[in-house]
Amino acid sequence: MPKAIVLFSGGLDSLVTTLMLRRLGIEVVALNIVTPLHDVSQAAMARAEAFGLTLRVRRVDESYAGLIAHPKWGYGSAVNPCIDCRVAMLKIARQVMREEQADFIATGEVIGQRPNSQKMHQLALIAKEAGVTDCLVRPLSARAMNPSRVERDGLLDREQLHALTGRGRTKLMQLAEELGVRDIPQPASGCLLCEKTFAPRVRDVLRHNLNPANWHFEVLPFGRVVRIDANTQCVVARNIDDCRNLVRLFEQDDRPGAALLEPDSFTGPAALLIGDSYNAEHESVAGGQVLRFSNPNRYDPANAFVRFRDATRDERRQVFPDPDASEYKHF
Ligand code: SF4
């Protein structure tokens, strides 16, 4: 039985592709790839479990931050480096194909469905750059393309594949129904790099940090991002989930320079102070930002304390309202 690795987000395209290949007698391993600003692994796991699929989840490596900063093929409509990103994902898929001793890779890409990365020439370029031209097939659009090596070698019968193009979803929905998909996932990439309202946070990092790490992007969704100066920023949680995520990111081994402030004598938001050279003044500004976004009825301005932690300190310290706190721009 031939074996395939299928790039799997849990969205309709990749789900239909996976189920279709399985129906054709292919042993499939679904592969979900997590990037700093696109993590749909929970949804992918739920889908995989519902359909009895084998799922592997991989994270992109540290080189991904460089790809956001300097994409070889540029950005899409926001700060989404889709072509570079697809190349990176297919390189991971190629690695997993070797580990799993699979015969080929498949994706749910449809020609012309996405303007940033799924035009015919872009699909060819992505496969070439990732070094997977001879082991990649896009089953939903295969018959609208030249036969792939996978088809020529008889691993897949071209006649059983499809010739979908464009953004319409009617045929895809039909296929989904035939394959027993009742709960149709909504079309959404889930990638924050594509969101125009989110892009200013990413651009702010790119403007001020010449050598960002994945972590610098990962932290951006979890609060209000306050720029303190060229080298220092602060992320202040908006809710309990943000607080948990800021603590989780602070505790990561690969954390760059950062301090965590958590209210100790009152109820309020956690905050991360981020920078390689923050000083007492920055720390005081960060304390002022915690109070800026706290409910004034919930703390005593003369008696507000936080737990302050960084690489060398873990202490209870007093913070003070900053009359200039609202002067700092936040995204
Ligand atoms: S939408 Fe995001 S995750 Fe998807 S290819 Fe583009 S940059 Fe990558």
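Let's start at strand β1, residues 3-7, which is mostly covered: four of its five residues are buried. Keep in mind as we go that this is a predicted model.

Who are the neighbours of β1? On one side, look for strand β2, residues 27-34. The two strands run in the parallel sense, and five bridges hold the pairing on record between them. If you want a spot to anchor your view, find I5 in β1: the residue standing opposite is V29 in β2.

Now trace the chain from β1 to β2. Helix α1, residues 12-23, belongs to this stretch, and together β1, α1 and β2 make up a β-α-β unit. Left- or right-handed? The unit is right-handed.

β1 has another partner to look at, strand β4, which covers residues 104-106. This pair is parallel too, with three bridges joining β1 to β4. Here the handy landmark is A4, which sits opposite F104 of β4.

Next, swing over to the ligand. There are 12 residues around the ligand, and the ones that come nearest are H38, N80, C82, C85 and C191. What sort of company is that shell, by class? Six of the residues are nonpolar, five are polar and one is charged.

Finally, zoom out to the whole protein chain. The domain assignment splits out domain 1, spanning 3-178, and domain 2, spanning 222-327. Taken over C-alpha atoms, the centres of domain 1 and domain 2 are separated by 40 Å. And β1, where we came in, is the strand at residues 3-7, paired with β2 through five bridges and with β4 through three.

Definitions and conventions. Residues are numbered from 1 along each chain as its sequence is written. This is a predicted model: local features need pLDDT of at least 70, side-chain atom pairs count only at pLDDT 80 or more; totals for chains, interfaces and linings use all residues. A residue is buried if 20 or more other C-beta atoms lie within 10 Å of its own, exposed if 12 or fewer, and partly exposed in between; C-beta atoms are placed from the backbone. Two strands pair if DSSP finds at least two bridges between them. A crossover is right-handed if, with the strands pointing away from the viewer, the path from the first strand over the helix to the second runs clockwise. A residue is near a molecule or strand if its C-beta atom, placed from the backbone, lies within 6 Å of it. Ala, Val, Leu, Ile, Met, Phe, Trp, Tyr, Cys and Pro count as nonpolar, Asp, Glu, Lys and Arg as charged, and the others, Gly among them, as polar. Domain bounds come from an automatic or database domain assignment.
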